[in-house]
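Please read the following report alongside the sequence and the three-dimensional view. It takes up strands and sheets, then individual residues, and finally the empty space.

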Amino acid sequence: MTAEPPRSAARMRASDADREAVVEQLREAAAEGRIDLDELDTRLGQALAAKTYAELAPLTEDLVPIEVAMGEPLVLKGGLHGVKRAGAWKVPPVIRAQGGMGGVRIDFTRAECRLREIALEVRGEMGGVRIVVPEGWTVDSDRVDQGLGALKDRTTSERTPGAPVLRMTGSSGMGGVYVRHPNFVERRKLRGIES
């Protein structure tokens, strides 16, 4: 007997709060002059009638601004022993990860992130860079040079409305760059923390 595959996040039913979040983002975009009033009216109607995340996501995809870094970027250097950023931490708009010999691991699953976009420059070097992003986040890894270690992006392209986009640049080096959503064990731990 085979297990039923998990339901796609895009097919999940949207709540009133999800619709209201999209409506607010559309109103902000109109106030900034990024969409005109006719387009606002059309999109608001679609947002209020949306039943799933898949119907909500396209309404704001073209409104995501590229965040401008305020202050210094977060720099993570693997060095000889490696470095890890996980748990509860605040995500800045720009992150630079250099694998060094020991590697870098960045876990966004419990991080506080109010950004629509995060710029992540990766340098795999010898130790590589490992990244874990929550379900619903999307990753744009097209601008990462694959090098010897290669790039493995195991994330889905289904974006939850309001979730960030992780835009990656750089090179995989010899250690490679690996991006994924939480695995089974990590999802169980997250559920235990949230209960």
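Two strands are taken to pair if DSSP finds at least two bridges between them, while the elements themselves are DSSP runs numbered from the N terminus, helices being H or I runs of at least four residues and strands E runs of at least two. The model is a predicted one, in which local features need pLDDT of at least 70 and side-chain atom pairs count only at pLDDT 80 or more, whereas totals for chains, interfaces and linings use all residues. Residues are numbered from 1 along each chain as its sequence is written, and side-chain values use heavy atoms, with hydrogens and water left out.

**Overall organisation**

The protein chain contains 4 helices and 10 strands, and their succession along the sequence reads α-α-α-β-β-β-β-β-β-β-β-β-β-α. Of its 195 residues, 42% count as buried, where buried means under 20% relative accessible area, exposed means over 50%, and partly exposed lies in between, as computed with a 1.4 Å probe on protein chains only.

**The sheet from E1 to E7**

One open sheet is formed by 5 strands in the order E1-E3-E5-E9-E7, with parallel pairing. Its edge strands are E1 and E7 (138-145), each of which pairs on one side only. From one strand to the next the twist averages 15 degrees, the axes being lines fitted to C-alpha atoms (for helices, over the stretch in contact) and the angles running from 0 to 180 degrees between N-to-C directions. Three of the pairings in this sheet can be set side by side.

| Strand pair | Sense | Bridges |
|---|---|---|
| E1 (residues 74-77) and E3 (residues 94-98) | parallel | 4 bridges |
| E3 and E5 | parallel | 5 bridges |
| E7 and E9 (residues 165-171) | parallel | 6 bridges |

Particular residues show how these strands are in register: Val75 has Arg96 in E3 as its bridge partner, Gln98 is partnered by Arg123 in E5, and Arg143 stands opposite Thr169 in E9. In a regular strand the side chains alternate between the two faces of the sheet.

**The sheet from E2 to E8**

A further open sheet, likewise of 5 strands with parallel pairing, has the order E2-E4-E6-E10-E8. Strands E2 (83-85) and E8 (151-153) stand at its edges with a single partner strand each, so one side of each is left without a neighbour in the sheet. Here the twist averages 5 degrees from one strand to the next. At the E8 edge, E8 pairs with E10 (residues 177-180) in the parallel sense over 3 bridges, and Asp153 stands opposite Val179 in E10.

**Individual residues in strands and loops**

Is Glu117 buried or exposed? Glu117 belongs to strand E5 (residues 117-123), and because its relative accessibility is 5%, it counts as buried. The side chains of Glu117 and Arg167 are joined by a polar contact of 3.1 Å, a polar contact being a pair of N or O atoms within 3.5 Å, of which, within protein, one must be able to donate a hydrogen and the other to accept it, with residues adjacent in sequence counting only if both atoms are side-chain atoms.

Two loop residues other than glycine carry a positive phi. For Glu125, in the loop between E5 and strand E6 (129-132), phi is near 50 degrees, and Glu125 counts as partly exposed at 36% relative accessibility. For Ala150, in the loop between E7 and E8, phi is near 70 degrees, and with a relative accessible area of 27% Ala150 is also partly exposed.

**Empty space**

Rolling a probe the size of a water molecule over the atoms shows where empty space is left. On a 1 Å grid over the protein atoms alone, a cavity is a set of points where a 1.4 Å probe fits but cannot get out, a pocket is an open set with protein on both sides within 12 Å along at least five of seven lines, and lining residues have an atom within 4 Å of a point. Grid points are joined across faces, edges and corners, and a volume is the space filled by probe spheres set on the points.By this rule there is 1 cavity of 30 Å³ or more. The largest cavity has a volume of about 40 Å³, and its lining consists of Ala57, Thr60, Glu61, Arg159, Thr160, Pro161 and Gly162. These lining residues divide into 2 nonpolar, 3 polar and 2 charged, with Ala, Val, Leu, Ile, Met, Phe, Trp, Tyr, Cys and Pro taken as nonpolar, Asp, Glu, Lys and Arg as charged, and the others, Gly among them, as polar.

The second largest pocket has a volume of about 250 Å³ and is lined by 18 residues, of which Ala21, Gln25, Pro161, Gly162 and Ala163 lie nearest its centre. Its lining comprises 8 nonpolar, 4 polar and 6 charged residues.
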